[in-house]
Amino acid sequence: MPRLDGILETALYVADLEAAERFYGSVMGLDRIARVEGRHVFFACGKGVLLLFNPERTAVPPSDPAMPVPAHGAHGPGHACFRVDPVEIDAWRAHLEAAGVEIEADFRWPNGARSIYFRDPAGNSLEIAEPKLWGLE
């Protein structure tokens, strides 16, 4: 069987793209790489890409035949976990709190890995965790 190298992109769905763009750019520090007004905003995140879609717009496939992307989308809060070096977790918590972001949970898993949970403006559940959560380095 061929092997997958990792996840290239993760999608979250947001109704207010402007609020999401401000949050992920200013609070999360991600660099925007693409934007289509009213449809999506994409951000570079490490070796992957975070896709933020307006679910109403992606429920309809693009009309351009050169872009045969099927319709897709979700409604309601999703989840994404950001990988960080364990020594950065305290700094992330302080940064998020200074930006007015409520921390919903901060704990250690049975294997000792630490996670902090919070929400984006659309209500998506976000997590910052160290790779050993999944036994990764």
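Trainee: I am starting at Arg114, which is found in strand β7 (residues 114-119). What makes that run a strand?

Mentor: Helices (H or I, at least four residues) and strands (E, at least two) are DSSP runs, numbered from the N terminus. Residues 114-119 form such a run, β7. Before we go on: this is a predicted model, where local features need pLDDT of at least 70 and side-chain atom pairs count only at pLDDT 80 or more, while totals for chains, interfaces and linings use all residues. Residues are numbered from 1 along each chain as its sequence is written, and side-chain values use heavy atoms, with hydrogens and water left out.

Trainee: Why does Arg114 count as buried?

Mentor: Buried means under 20% relative accessible area, exposed over 50%, and partly exposed in between (1.4 Å probe, protein chains only). Arg114 has 11% relative accessibility, so buried is the right word. Its partner Asp106, at 29%, is partly exposed.

Trainee: What makes Arg114 and Asp106 a salt bridge?

Mentor: The rule asks for a side-chain nitrogen of Lys or Arg within 4 Å of a carboxyl oxygen of Asp or Glu. For Arg114 and Asp106 the closest N and O atoms are 2.8 Å apart, which meets it. Their side chains also make a polar contact of 2.8 Å. That term needs a pair of N or O atoms within 3.5 Å; within protein, one must be able to donate a hydrogen and the other to accept it, and residues adjacent in sequence count only if both atoms are side-chain atoms.

Trainee: Which other residues is Arg114 in contact with?

Mentor: With contact meaning heavy atoms within 4.5 Å, and leaving aside neighbours within four places in sequence, the partners of Arg114 include Ile89, Asp90, Arg93, Phe107, Ile128 and Glu130.

Trainee: How many salt bridges are there by this rule?

Mentor: The count is ten. One of them joins Arg93 to Glu97, with closest N and O atoms 3.0 Å apart; both residues lie in helix α3 (residues 89-98), four residues apart, about one turn of the helix. Another joins Arg35 to Glu37 at 2.8 Å. Arg35 is partly exposed at 26%, whereas Glu37 is exposed at 57%.

Trainee: And how do we know that Asp16 caps α1?

Mentor: A side-chain oxygen of Asp16 lies 3.2 Å from the backbone nitrogen of Glu18, at the N-terminal end of α1. In that helix (residues 17-27), the buried residues include Leu17, Phe23, Tyr24 and Val27. Just after α1, Gly29 takes a positive phi of about 75°.

Trainee: How many aromatic pairs are there, and why is Tyr24 with Phe43 called tilted?

Mentor: The count is six. The Tyr24 and Phe43 rings lie 6.2 Å centre to centre, with 40° between the planes. Rings of Phe, Tyr and Trp (its six-membered ring) pair if their centres lie within 6.5 Å; planes under 30 degrees apart count as stacked, over 60 as edge-to-face and the rest as tilted, so 40° falls in the tilted class. Tyr24 lies in helix α1 and Phe43 in strand β3 (residues 40-45), so this pair ties together parts 19 residues apart in sequence. Tyr24 is buried at 0%, and Phe43 is buried at 1%.

Trainee: What makes Phe42 and Phe53 edge-to-face?

Mentor: Their ring centres are 5.5 Å apart and their planes stand at 80°, so edge-to-face applies. Phe42 lies in β3 and Phe53 in β4 (residues 48-53), so the pair ties together parts eleven residues apart in sequence. Phe42 is buried at 17%, as is Phe53 at 6%. Ring pairs also link Tyr13, Phe42 and Phe53 into a cluster.

Trainee: Which residues touch the most other members of the largest nonpolar core?

Mentor: A nonpolar core is a set of buried Ala, Val, Leu, Ile, Met, Phe, Trp, Tyr and Cys residues joined through side-chain atoms within 4.5 Å. Of the 24 residues in the largest one, Tyr24, Met28, Leu96 and Phe118 touch the most other members. The largest share, five residues, comes from α1.

Trainee: Why do we say that this core lies between domain 1 and domain 2?

Mentor: Domain 1 (1-59) and domain 2 (77-136) both give residues to the core, so it lies between them. The domain bounds come from an automatic or database domain assignment. As for Met28, beyond its neighbours within four places in sequence, the residues in contact with it include Phe82, Trp92, Leu96 and Phe118.
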